[in-house]
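I opened a fresh page for this one and went through it an item at a time. Here are my notes, in the order I looked things up.

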Amino acid sequence: MAKKAKASARKKAAPKKRAATDYLADIGEWMVPGVHLRTLAEKKGMFAGAASSYGPIQEDVQFRETLAREYNMFAVANEMKCLRVHPERGCYDFTQSDEMVAFARAHDMQVHGHVLLWHISQPAWWTQLPATREGLMDALSQHIHTVAGHFHGKLYAWDVVNESLEGDGTLSPTLWYRRIGPDYCDHAFRWAHEVDPDVKLFYNDFAAESKCPKADGMYKLVRGMVDRGVPIHGVGIQAHVSVENAPPPDELAANIERYDKLGLEVQITELTVSVDPDNGTKEERLSKQAQVYYDITRVGVEAKNCTAVITWGLSDKHNWERDGERDDYVGTLPWDQRYRQKPACYAMKRAFMEG
Ligand code: G3I
């Protein structure tokens, strides 16, 4: 995606802080038919994305309609994970993931594939493999070749490796690390590139938004891959954040910019914003949440190498982080349980317009 149009936007002043109540006052201004997230994102040469599992798309008409109307990128939340596509060694099942890709194509949405290698959601057969480097390399290579090969030409991006880092920025002692060694990430990217040379290959992780050892560890990991000529094209900054501990916008912007210097794209891949239920009235919490959605989206819009802002889900009706049944519950996503836009949704739209 061409990002030239964004270069000048980047020179603008940093996002100004808005009074949280502005979002509530301004709701009427945004309720214009036809002003959809995807339209606003497209004007910036970007994607507005949402992740979904198979269930809501199948069963919930409102979910489906909102997804297709508002978003131009779709992240497959669970159905491309190893547990789902490769439950027994050598037995693949792409039924649901194929339907989801077809849905995206039918609605002119690009697909962000998730995920080729993650130590969570792995079927048990991995632990029964011969305990040799060769045995695991062989199985991993077959898995990646088959899955990335199956979707050849159909995806915009793949999360090739997900969440491989500890909080201190070092590689986690996963099965792959212990049996293959620290170069397992390089191999994963190379295998994916062999079978689908046009898809963009991403490293994706959480808690690496602003200045911290993990963000630095992620940068170091990725820079090493670039230096070694590994085919990596982007970085996914997940951004599962909270109102109370939101990433400072200037730190997030600086973090994204250093990947630009490596020639890499960045996507905000799993944005959710939780809010402490005791942090004010419901209206206040909605406004504070909107401010964080605004800040993160605006940083993404202004960064010349950020191509997407993707939320991990869409409506609080199908919210993986839902806790409890409080009447004044504020879920982490931009649409409420009845598919009404929350202040967070208006804030994203405002950020796409103002950034
Ligand atoms: O589909 C089954 C359903 O048939 C069954 O009745 C139910 C019983 O628990 O489980 C359902 O599967 C669950 C699935 O989510 C769909 O809701 C799995 O148990 C559950 O483990 C799975 O959790 C997912 C989790 O990753 C682990 O794969 C979450 O939905 C998904 O949101 C979460 O996503 C991760 C990203 O991949 C990586 N970044 C963090 C993010 C949030 O944790």
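**Entry 1: a cut-off, then a glycine.** Before reading any burial values I wrote down the cut-off: a residue counts as buried when its relative accessible area is under 20%. I also noted that this is a predicted model. Then I looked up Gly45, which sits in the loop between helix H4 (37-43) and strand S1 (47-52). Is Gly45 buried or exposed? Its relative accessible area is 18%, so Gly45 is buried. I then checked Gly45 against Val301: 256 residues separate the two in sequence, yet their C-alpha atoms are 9.2 Å apart in space. Val301 comes back in Entry 4, as one of the H14 residues that meet H15.

**Entry 2: the whole chain.** I stepped back to the protein chain and counted 15 helices and 9 strands. It has 355 residues, and 57% of them are buried. Next I asked what share of the contacts with a separation of 6 or more comes from residues 24 or more positions apart. The value is 79%. For the surface, I noted about 14400 Å² exposed, with carbon and sulfur atoms supplying 51% of that area.

**Entry 3: H13 against H14.** A reminder to myself: two packed helices are described by the angle between their axes and the distance between the axes. For helix H13 (residues 249-261) and helix H14 (residues 282-302), the axes come within 10 Å and cross at roughly 30°. Angles under 35 degrees count as roughly parallel, and H13 and H14 are therefore roughly parallel to each other. The crossing of H13 past H14 is right-handed. I listed who makes the contact: Pro249, Leu252, Ala253 and Ile256 from H13, with Asp295, Ile296 and Val299 from H14. Sorted by class, that contact holds 6 nonpolar residues, no polar ones and 1 charged.

**Entry 4: H14 against H15.** I followed H14 to its contact with helix H15 (residues 343-354), where the axes lie 8 Å apart and the packing angle is about 25°. That angle makes H14 roughly parallel to H15. Here too I recorded a right-handed crossing, H14 passing H15. On the H14 side, the residues in contact include Leu286, Tyr293, Tyr294, Arg298 and Val301. Among their partners in H15 are Pro343, Met348, Arg350 and Phe352. The class split for the contact of H14 with H15 is 11 nonpolar, 2 polar and 4 charged.

**Entry 5: backbone oddities.** My yardstick here: most residues other than glycine have a negative phi, and most peptide bonds are trans. Which peptide bond did I flag as cis? It runs from His114 to Val115, with omega near 15°. Val115 belongs to strand S3 (residues 110-117).

I then noted two positive phi values. Asp108, not a glycine, has phi near 55°. Asp108 lies in the loop between helix H8 (95-106) and S3, and with a relative accessible area of 60% it is exposed. Ser121 is not a glycine either, and its phi is positive at about 55°. I placed Ser121 in the loop between S3 and helix H9 (133-150). Ser121 has a relative accessible area of 26%, so I logged it as partly exposed.

Conventions: Residues numbered from 1 in each chain as written. Predicted model: local features only at pLDDT ≥ 70, side-chain atom pairs only at ≥ 80, totals over all residues. Heavy atoms only, no water. Buried < 20%, exposed > 50% of the residue type's maximum accessible area, 1.4 Å probe, protein only. Contact = heavy atoms within 4.5 Å. Areas by Shrake-Rupley, 256 points an atom, 1.4 Å probe, with all protein chains shown as cover. Axes fitted to C-alpha atoms, helices over the stretch in contact; angles between N-to-C directions. Parallel < 35°, antiparallel > 145°, perpendicular 65-115°, else oblique. Left-handed = near helix turned anticlockwise from the far one by under 90°. Nonpolar A, V, L, I, M, F, W, Y, C, P; charged D, E, K, R; others polar.
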